[in-house]
Amino acid sequence: MNYSKGDLVTRESYNHDLLFRVASVKKNSADLYGEDIRLKADAPISDLKKIQERELEKRRQKGKEKEEFSFRLFRQDYQLMKEKREYHATEGYQHEPIFFQLPAKVLHLDGDQMYLKKCIELYQRIGLQVHGVHLHEREMPIQIGELVEKIQPDIIVITGHDAFSKNKGRKNDIRAYRHSKFFVETVREARKINPNVDQLVIFAGACQSHFESLIRAGANFASSPLRINIHALDPVYIAAKIAYTPFMEKVSVWEALRNTLTGDKGMGGIETRGLLRTGLPYLEDESNE
C-alpha cells in the first residue's frame, strides 16, 4: 500500500494502539507524529495500516470525550478558585466586587503546527492570553532569548515531539532521546534571562522526554518521569492552573497535574507560586458611558 504525508495510520507491531500522522515517507519506512500524543516515531511501511473512516470517527469521539472531561474538571477547579478570590478581595462578600485582575501572559513554543493550533484554541477557551510560535525543536534554543525579551511572558511552554530510543542508550542518557537536549538547552537559555522560578514559570518536554534533565535545567514542570506519552493539551492545563492561582498562594505539583489527561506518570515538577494578581479599583471605560 502506498502512503503519503498526512495519512492517518496505526502500527501493527503495537497492536494499533496509537493513531499517527505520516510526516514523511522514505523507501521502506515512514516518520510518524502522534495525532493526539506528543510522540515522534518511525516504522517500516509493512508495519503500517491506514485507519478506516468508521474507526477514525470512533477514536476521535473517544478522544474528544477525554478532552471534555478534563476541561470540565478544570472549569470546576477554576470556579472554586474564582469564588475564593472574590471572597478574599471583597472582605468576605461585604463589598461589591469592584476589583480587576491581571492574568499571566503565556509564550507557547511548539514543534508541531497542528498541536499548536489545538493548544491555542484551548488557551482561548480557558481565557488566557497566549503568544504561540511554531519552531522546530532544534531552533528553540536559538530563538528563545529574543522571544522572551520581545514578549516578556510570565509562563513559557516548550514542547513539540520527543521519543526515547533504547537502541541509542539507557534512559539516563539524554543522547538516547530525539529532542530532549534541545528542550533542555531552551530552558537554560530562558533561565539566563530570568532565573527566578516564581517570576518566570516554565513547562518543558513532550512524550517520553528526559524529565530529570529538564528540571535540573530550571523547568518548574516537565515530562516525562516514567517516560510515557503525554497528551498534546496537557501543558495548557498546567499553564492555566498557575495563571489562575493568586501569586500569594503556592500550587502543589498534584494540584497542577490533577486536571491533565496524563497525570503524574507523564509529568512532574516543583511547587510553584501562582501568578494571578488582583487590584482595586476597577474603572469603567469612559467611552461606554
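Two strands pair if DSSP finds at least two bridges between them. Helices (H or I, at least four residues) and strands (E, at least two) are themselves DSSP runs, numbered from the N terminus. Keep both in mind for the tour.

Before you click, note that this is a predicted model, where local features need pLDDT of at least 70 and side-chain atom pairs count only at pLDDT 80 or more, while totals for chains, interfaces and linings use all residues. Residues are numbered from 1 along each chain as its sequence is written, and side-chain values use heavy atoms, with hydrogens and water left out.

**Stop 1: the sheet**

Start with the six strands that make an open sheet, in the order β8-β7-β9-β10-β11-β13, with mixed pairing. Colour β8 (129-134) and β13 (268-269): these stand at the edges with a single partner strand each, so one side of each has no neighbour in the sheet. Strands of a sheet pair through backbone hydrogen bonds, either parallel or antiparallel.

Now select β7, residues 105-110. Five of its six residues are buried, so β7 is largely enclosed by the rest of the structure. (Buried means under 20% relative accessible area, exposed over 50%, and partly exposed in between, using a 1.4 Å probe and protein chains only.) On one side, β7 pairs with β8 in the parallel sense over six bridges, and L107 stands opposite H131 there. To get from β7 to β8, follow helix α2 (residues 113-126); together they make a right-handed β-α-β unit. Right-handed here means that, with the strands pointing away from you, the path from the first strand over the helix to the second runs clockwise.

β7 also pairs with β9, again in the parallel sense, over five bridges. Show two bridge pairs here: L107 with I156, and L109 with I158.

**Stop 2: strand β9**

Select residues 155-159. How many of the residues of β9 are buried? Five of its five are. In a regular strand the side chains alternate between the two faces of the sheet. Turn on side chains to see which way they go: I155, V157 and T159 point one way, I156 and I158 the other.

Next door, β9 and β10 (residues 201-204) pair in the parallel sense over four bridges, and V157 has F203 as its bridge partner. The chain crosses between these two strands through helix α4 (residues 180-193), in another right-handed β-α-β crossover.

**Stop 3: the far end of the sheet**

Move on to β11 (residues 221-222), which pairs with β13 in the antiparallel sense over two bridges. F221 is the bridge partner of G269. Then click A222, also in β11: this residue is buried, at a relative accessible area of 0%. Its C-alpha atom is 8.5 Å from that of H210, which is 12 residues away along the chain.

**Stop 4: helix α3**

Select residues 140-151. Which residues of α3 are buried? They are M140, P141, I144, L147, V148 and I151. Looking down the axis, these fall within an arc of 110° (taken from the directions from the helix axis to the C-beta atoms), so they line one face of the helix. Rotate to the face turned away and you will find the exposed residues I142, E146 and K150.

**Stop 5: backbone oddities**

Most residues other than glycine have a negative phi, and most peptide bonds are trans. Here are some exceptions to pick out:

- Q152, in the loop between α3 and β9, has a positive phi of about 55° and is partly exposed at 48% relative accessibility.
- N15, in the loop between β1 (8-11) and β2 (20-25), has a phi near 60° and is exposed, at 66%.
- The peptide bond from S223 to S224 is cis, with omega near 0°; S224 sits in the loop between β11 and α6 (234-243).

**Stop 6: the largest pocket**

Finally, switch on a surface. On a 1 Å grid over the protein atoms alone, a pocket is an open set of points where a 1.4 Å probe fits, with protein on both sides within 12 Å along at least five of seven lines; lining residues have an atom within 4 Å of a point. The largest pocket has a volume of about 560 Å³, a volume being the space filled by probe spheres set on points joined across faces, edges and corners. Select R11, Y14, A41, F164 and S165, which lie nearest its centre among the 20 lining residues. Strand β4 (residues 40-44) gives the most to this lining, with four residues.
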